[in-house]
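User: I've got this model open on my screen and would like a close look at the sheet and whatever packs against it. Could you walk me through that part?

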Amino acid sequence: MTAIKPLGAYPARQCPERASLDVLQPVAPLETSPFLARLFSRGNDWESAIFARLMEIPGTVHITRRNADGSNGPARAKETVKAMKAGVPIILGGRLPASNKTHRVSEPDVLVGGLSGFHAIDIKSHSCAGTDISALVSDIDKPDPASAMPTLSKRSRGDLLQVCHYSAHLEELHLAAPGIRYGGIIGMEGQILWYDLDAPILARQEVPTDVYAEEFAWRVEIVKAATERLTDPSVPLLTEPIRNGECGLCPWHDYCRAEMEKGSGDLSLLPRMTKPARAKLISDGVTDRRALANLDWSSRSEERRVGK
């Protein structure tokens, strides 16, 4: 069995190629841009503001902060589990122990519950306002889905997959709250939105826990292949660079762009090219922009091949 570094909550929501490149490190990643640095700073400031409000609730505990190189991770995990098993009702900045079996590690912003188990909450510096899906809402001073009221919110696939990661890790450790599998998000509205992670609230009526399980398992396989490739160049990689909405803020942007531009260029570089359309074209032997340009567009059969 290939030993890999445990994965946090972000890989399942991010581009699959990024998981591979984070292991391979084919070039030096791009430095954090000023724009991204501002986003991180805004997120940290908002998290600090929420933590300050939660610290006003009696019994709240703030776990020791992560040091610069993350080497205090195991100690922080022990501190977090000790607090959970002591029934501390609100735990801020915690860390769950890394698992070599399921390859998970987690750092949920907030854990709420008690001796019977915990729910995880993530703090986001964006708005959650919307009418896409059903949720529950509670005030920050009452961080409990049992006291929440029905509402509607924006659908954020990435946020939901992230809290699914925390929920799955809590269950693995037998530290999850019983009953409905809730995950919480605190957006810029300053309230807690609670989502039933087993409800069909993603696009196409997909269930967050099901999508997360599939995406996380896929990232594990990607990382295993990349890790094996480091010592055996004959091992095939499971992903390739494909242009998507994350590219602009990715540290591997320049590397992937150069790879996609090779030859006549990857199909994903074309405007409005979707992943399903690209996959269909490749299955039909149309593997790059030159091959697409050479199609006989006057033929109805060619039109059908590209899904027209």
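**The sheet and its helix**

Analyst: Let's start with one pair of strands: β5 (residues 133-139) and β8 (residues 191-196) run antiparallel to each other and are joined by four bridges. If you want a spot to zoom in on, V137 sits opposite L193 of β8. Keep in mind that this is a predicted model.

β8 also pairs with β7, again in the antiparallel sense, this time over five bridges. Here G183 has Y195 in β8 as its bridge partner. The two strands make a hairpin with four residues between them, and in that turn G190 has a positive phi of about 80 degrees.

Now zoom out. Eight strands make up an open sheet, and reading across, the order is β1-β2-β3-β4-β7-β8-β5-β6, with mixed pairing. β1 and β6 (149-153) are at the edges with a single partner strand each, so each has one side without a neighbour in the sheet. Over at the β1 edge, the partner is β2: the two run parallel and are joined by two bridges. To find that pairing on screen, look for H62, whose bridge partner in β2 is L92.

What lies across the sheet? That would be α2, which crosses β1, β2, β3, β4 and β7 and runs at about 140 degrees to β4. α2 covers residues 34-54, and there's a quick check on its length: at 1.5 Å a residue, its 21 residues should span 30 Å, and the C-alpha atoms at its ends are indeed 30 Å apart. Its buried residues are L36, W46, I50, F51 and L54. Looking down the axis of α2, these buried residues fall within an arc of 140 degrees, so they line one face of the helix. They pack against β1 (61-62), β2, β3, β4 (117-123) and β7 (182-186). Flip to the other side of α2 and you'll find P34, R38 and D45 exposed.

Next, the loop between β2 (90-92) and β3 (110-114), which is where S106 is found. S106 counts as buried because its relative accessibility is 2%, below the 20% cut-off. Its side chain makes two polar contacts worth displaying: one with the side chain of H165 at 3.2 Å, and one with the side chain of H169 at 2.7 Å. Leaving out residues up to four places away in sequence, S106 touches G94, R95, L96, H165, Y166 and H169.

K101 is in the loop between β2 and β3 too, but K101 is exposed, with a relative accessible area of 74%. The C-alpha atom of K101 is 9.2 Å from that of P6, although 95 residues separate the two along the chain.

Two more loop residues are worth a click for their backbone. H174, in the loop between α4 (157-172) and β7, has a positive phi of about 60 degrees without being a glycine. H174 counts as exposed, at 73% relative accessibility. Q25, in the loop between α1 (16-24) and α2, is another non-glycine residue with a positive phi, near 45 degrees. Q25 is partly exposed, with a relative accessible area of 41%.

Methods
Residues are numbered from 1 along each chain as its sequence is written. This is a predicted model: local features need pLDDT of at least 70, side-chain atom pairs count only at pLDDT 80 or more; totals for chains, interfaces and linings use all residues. Side-chain values use heavy atoms; hydrogens and water are left out. Buried means under 20% relative accessible area, exposed over 50%, partly exposed in between (1.4 Å probe, protein chains only). A polar contact is a pair of N or O atoms within 3.5 Å; within protein, one must be able to donate a hydrogen and the other to accept it, and residues adjacent in sequence count only if both atoms are side-chain atoms. Contact means heavy atoms within 4.5 Å. The expected span of a helix is 1.5 Å times one less than its number of residues. The arc is that of the directions from the helix axis to the C-beta atoms. Two strands pair if DSSP finds at least two bridges between them. Axes are lines fitted to C-alpha atoms, for helices over the stretch in contact, and angles run from 0 to 180 degrees between N-to-C directions.
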